[in-house]
Amino acid sequence: MTTDEVLAGVGPRLRRIRKEREVTLAGLSEATGISVSTLSRLESGLRKPSLELLLPIARAHQVPLDELVGAPPVRDPRVRAEPIVRHGRTHWPLTRQPGGLQAFKVLEPQRTAEPDPRSHEGYEWLYVLSGRLRLVLGEHDVVLSAGEAAEFDTRVPHWFGSTGEGPVEFLSLFGPQGERMHVRARPKRS
């Protein structure tokens with residue numbers, strides 16, 4: 001919407017709001033200190049609205065300035081990343097910048113797969129949201145449950161996937177070599 005279109009809509013909006021509140025031009029003039037003729041010209045579009053005129057009108061009607069000028073509604077702030085399906089696993093990207101730290105929410109379906117460990121540059125951190133995640137890392141073969149996390153150097157041959165018992169949902173943070181995420185554990189009390 002252009003500025004001229006926005007300004008053209010102010011007058012009718014001012015008139016509608018005033019009439020909804022059952023206020024006369026004289027009553028609004030008294031409340032705002034703006035002359036009746038100026039208010040009439042604003043409502044008919046013969047006078048361009050200015051901040052000096054709109055602020056007292058907004059105060060008198062007890063409405064936000066946005067309502068008088070018809071500002072577009074605030075867009076939905078949620079991130080709606082399109083899921084990526086790779087090798088049967090669904091990834092939702094949670095970060096947008098290329099390079100650096102990458103975050104994904106991942107859903108691995110229930111399935112049985114033979115581990116095929118791979119290695120590459122980087123560092124990975126996994127956090128299980130629900131289900132059970134099998135992690136093969138070097139000579140370790142462990143199962144992580146909801147609430148458990150693992151972090152590892154991806155140069156060590158690794159593989160992770162379903163235990164075959166059900167789907168697993170987890171967060172994956174991956175960074176180039178040297179960017180490490182740390183899970184802080186509380187010390188055990190003696």
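This report walks through the nonpolar cores, one helix that packs on them, and a few backbone oddities in a predicted model.

Let's start inside. The largest nonpolar core holds 14 residues, and Leu14, Ile34, Leu39, Leu42, Leu54, Ile57 and Leu68 make the most contacts within it. Four helices each give two or more residues to this core: α1 (3-20), α2 (25-32), α3 (36-44) and α4 (51-61). The largest share, four residues, comes from α4.

Leu68 is worth a look on screen. Skipping its neighbours within four places in sequence, Leu68 is in contact with Val10, Arg13, Leu14, Ile17, Leu54, Ile57, Ala58 and Val63. Another core lies apart from the largest one, with 13 residues that include Val128, Leu133, Leu144 and Phe160.

Now for α3. Its buried residues are Thr38, Leu39, Leu42 and Glu43. Looking down the axis of α3, you'd see these fall within an arc of 135°, so they line one face of the helix. What do the buried residues of α3 pack against? Their partners are α1, α2 and α4. Right after α3 comes Gly45, with a positive phi near 85°.

Positive phi also turns up in two residues other than glycine, Gln62 and His87. Here they are side by side:

| Residue | Phi | Loop | Relative accessibility |
|---|---|---|---|
| Gln62 | near 55° | between α4 and α5 (65-69) | 73% |
| His87 | about 55° | between β1 (84-86) and β2 (89-93) | 73% |

Are they buried or exposed? Gln62 counts as exposed, given its 73% relative accessibility, and His87 is exposed too, the cut-off being over 50%.

How values were computed. Residues numbered from 1 in each chain as written. Predicted model: local features only at pLDDT ≥ 70, side-chain atom pairs only at ≥ 80, totals over all residues. Heavy atoms only, no water. Core = buried A, V, L, I, M, F, W, Y, C linked by side-chain atoms within 4.5 Å. Buried < 20%, exposed > 50% of the residue type's maximum accessible area, 1.4 Å probe, protein only. Contact = heavy atoms within 4.5 Å. Arc of directions from axis to C-beta.
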